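Below is a short briefing on one protein chain. Have the sequence and the 3D view open while reading.

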Amino acid sequence: MSANGVLEHTLRDILDVVKPANDDWVTRFQIIDEFREIVGSLESLRGATVEPFGSFVSNLFSRWGDLDISIQLANGSFISSSGKKLRQKLLGELIRAMRQRGGWKRLQLIPNTRVPILKVESNLQNISCDISIDNLQGHMKSKLLLWINEIDTRFRDMVLLVKEWAKARNINNPKSGTFNSYSLCLLVIFHFQTCRPAIFPPLKDIYPGNISDDLQGLRANAERLITETCAANIARFKSDKLRAVNRSSLSELFISFLAKFSDISMRASESGISPFTGQWEYISSNTRWLPQTYALFIEDPFERPENSARAVNKNQLTRITEAFQSTRNRLTSANLNQSSLIGSLVQQQTFQLITRNPKYHAGAYQPTRPQWQTTEHLHSPNTSRGGGRHQQMRPQGVQRPLHPYPQVQSQYQGSRSQVHYNNSMTTGPRVQTYSQAQTHYQGTRPQGHYNNSTATGPYVQTYQNQGQQIWRPKSGR
């Protein structure tokens with residue numbers, strides 16, 4: 001097998017392990033529902049809604065990825081905008097309620113960040129959760145990443161591989177001065193914009209606005225305008241028959257990604273990365289970035305001129321560069337084999353899960369245990385996922401869909417939920433855009449509205465319903 005063939009096979013093996021299974025989605029929905037009950041019990045949060053965002057909504061999370069949750073305060077039909085002191089106060093009340101309720105651990109309030117956050121860990125699979133107040137911007141950014149993912153499915157694969165590699169090399173930890181996961185996603189987007197032929201356009205061609213400016217007034221109107229703008233621009237890009245098609249394999253994209261940023265510490269002193277324009281930009285000629293106060297500038301394309309890599313410090317940037325260089329050298333060496341690859345690309349729990357595959361013990365693959373670069377505590381997935389309570393509460397005769405979003409109501413027998421699904425720009429059986437207006441469980445069947453008018457695949461359909469089971473798969477599968 002060629003060197004690229006070995007790498008391609010290895011990357012596919014890694015993806016088989018890190019991609020979330022259906023029960024990983026179910027567990028996160030249970031966490032969201034349990035948290036919703038706590039929020040509903042607090043008088044100070046009366047009328048507030050609980051909405052996931054981040055990699056969970058953008059479908060870019062691994063099976064042991066964190067869960068981001070925003071509490072949207074009640075403000076009628078208008079977008080709520082609470083002050084920092086109010087957010088700190090409400091998170092303080094929330095942490096006391098969670099301690100009293102139980103089921104959560106490692107509760108930590110981080111009040112003085114740009115967006116105050118409550119960090120907790122659920123007893124369910126030890127999943128870490130970041131909870132914030134009125135983080136509609138984060139919610140909308142997650143949707144934008146989901147829509148971008150629809151341009152090319154290699155994007156999701158690359159993001160999962162890059163995040164797994166970055167965690168293995170301990171450079172995916174903003175607390176220690178390295179990348180946060182969002183900045184890693186932006187690096188992959190930038191790579192897809194600057195490879196030849198380009199896979200993605202500059203993001204200004206998809207969403208030319210600014211989230212902080214556009215999320216004002218009536219929420220439904222603001223979100224609809226953003227959604228329709230992105231849908232039209234993505235459709236225009238995908239339908240361009242004159243556009244050159246990039247047919248690079250995953251292994252070729254991964255190696256070129258490492259090569260592109262192998263000199264990132266040297267370039268960062270003069271240039272910043274702009275996914276909005278799809279190019280490196282000189283800091284000295286970019287007035288919105290001055291004065292330069294960061295070791296690395298990766299502009300947030302949806303909230304300019306915010307720097308998504310503001311946590312990266314100069315000392316760690318040198319180590320980040322070394323991680324890019326050393327991994328690239330290993331992947332392009334003449335003696336490439338899976339045993340030498342696996343240790344530099346994955347975390348310990350991923351390694352353990354790969355080696356449990358019977359084919360590796362049959363002689364097809366015998367990896368050696370790597371010397372791990374990180375000593376931080378890592379939680380492995382619970383092997384008993386999806387049992388017990390969920391199985392008992394799921395209505396009889398309801399088929400569990402491949403994509404998780406409809407499960408938010410179908411797995412709870414005797415419950416009422418009011419939800420809105422807008423899938424007007426999605427394609428394929430596994431991808432849906434999810435926005436939750438409000439959910440209350442009151443002992444009756446769910447009500448809802450699904451708009452899948454342009455979605456395709458056997459598991460989605462146009463289906464509007466009041467007072468009946470509101471999701472079912474198309475026939476023909």
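Is the crossing of α10 and α12 left-handed or right-handed? The crossing of these two helices, α10 and α12, is left-handed. The model is predicted. The protein chain holds 17 helices and eleven strands. Of its 477 residues, 55% count as buried. Among contacts in the chain with a separation of 6 or more, 68% join residues 24 or more positions apart.

**Helices α10, α12 and α13**

- Helix α10 covers residues 250–260. Its axis and that of α12 come within 8 Å and cross at roughly 140°.
- On the α10 side, the contact is made by Phe254, Ile255, Phe257, Leu258 and Ala259. On the α12 side, Phe324, Thr327, Arg328 and Leu331 take part.
- Helix α12 spans residues 314–331, and helix α13 spans residues 338–345. Their axes come within 10 Å and cross at roughly 165°.
- That angle is over 145 degrees, so α12 and α13 count as roughly antiparallel to each other.
- The crossing of α12 and α13 is left-handed.
- Thr327, Arg330 and Leu331 are the α12 residues that meet α13. Their partners in α13 are Ser340, Leu341, Ser344 and Leu345.
- Thr327 and Leu331 of α12 appear in the contact with α10, and they also appear in the contact with α13.

**Nonpolar cores**

- The largest nonpolar core has 78 residues. Which of them touch the most other members? They are Phe254 and Leu345.
- This core draws at least three residues from domain 1 (3–18 + 139–354) and at least three from domain 2 (22–135).
- Apart from the largest core lies another, of 32 residues. Phe56, Leu91, Leu118 and Ile133 are among them.
- In soluble globular proteins, nonpolar side chains tend to be buried together.
- Neighbours within four places in sequence aside, Leu345 is in contact with Leu7, Leu11, Ile14, Glu164, Trp165, Ala168, Phe254, Thr327 and Leu331.
- Phe254 is thus named twice: as a contact of Leu345 and, in α10, as part of the contact with α12.

**Helices α2 and α4, and Leu94**

- Helix α2 runs over residues 22–40. The axes of α2 and α4 come within 10 Å and cross at roughly 115°.
- α2 passes α4 in a right-handed crossing.
- From α2, Phe35, Glu37, Ile38 and Val39 meet Leu94, Ala97, Met98 and Arg101 of α4.
- Leu94 is found in α4, which covers residues 84–101. Is Leu94 buried or exposed? At 0% relative accessibility, Leu94 counts as buried, because the cut-off for buried is under 20%.
- With neighbours within four places in sequence left out, Leu94 is in contact with Phe35, Ile38, Val39, Leu42, Leu45, Ile71, Leu118 and Ile131.
- Leu94 and Ile131 are 37 residues apart in sequence. Their C-alpha atoms are 9.8 Å apart in space.

**A loop residue: Asn210**

- Where does Asn210 lie? Asn210 is in the loop between α7 (181–194) and α8 (211–214).
- The relative accessible area of Asn210 is 9%, so Asn210 is buried.
- Residues up to four places away in sequence not counted, Asn210 touches Phe302, Glu303 and Arg304.

Notes: Residues are numbered from 1 along each chain as its sequence is written. This is a predicted model: local features need pLDDT of at least 70, side-chain atom pairs count only at pLDDT 80 or more; totals for chains, interfaces and linings use all residues. Side-chain values use heavy atoms; hydrogens and water are left out. A nonpolar core is a set of buried Ala, Val, Leu, Ile, Met, Phe, Trp, Tyr and Cys residues joined through side-chain atoms within 4.5 Å. Buried means under 20% relative accessible area, exposed over 50%, partly exposed in between (1.4 Å probe, protein chains only). Domain bounds come from an automatic or database domain assignment. Contact means heavy atoms within 4.5 Å. Axes are lines fitted to C-alpha atoms, for helices over the stretch in contact, and angles run from 0 to 180 degrees between N-to-C directions. Helices (H or I, at least four residues) and strands (E, at least two) are DSSP runs, numbered from the N terminus. Angles under 35 degrees count as roughly parallel, over 145 as roughly antiparallel, 65 to 115 as roughly perpendicular and the rest as oblique. A crossing is left-handed if the near helix is turned anticlockwise from the far one by less than a right angle, and right-handed if clockwise.
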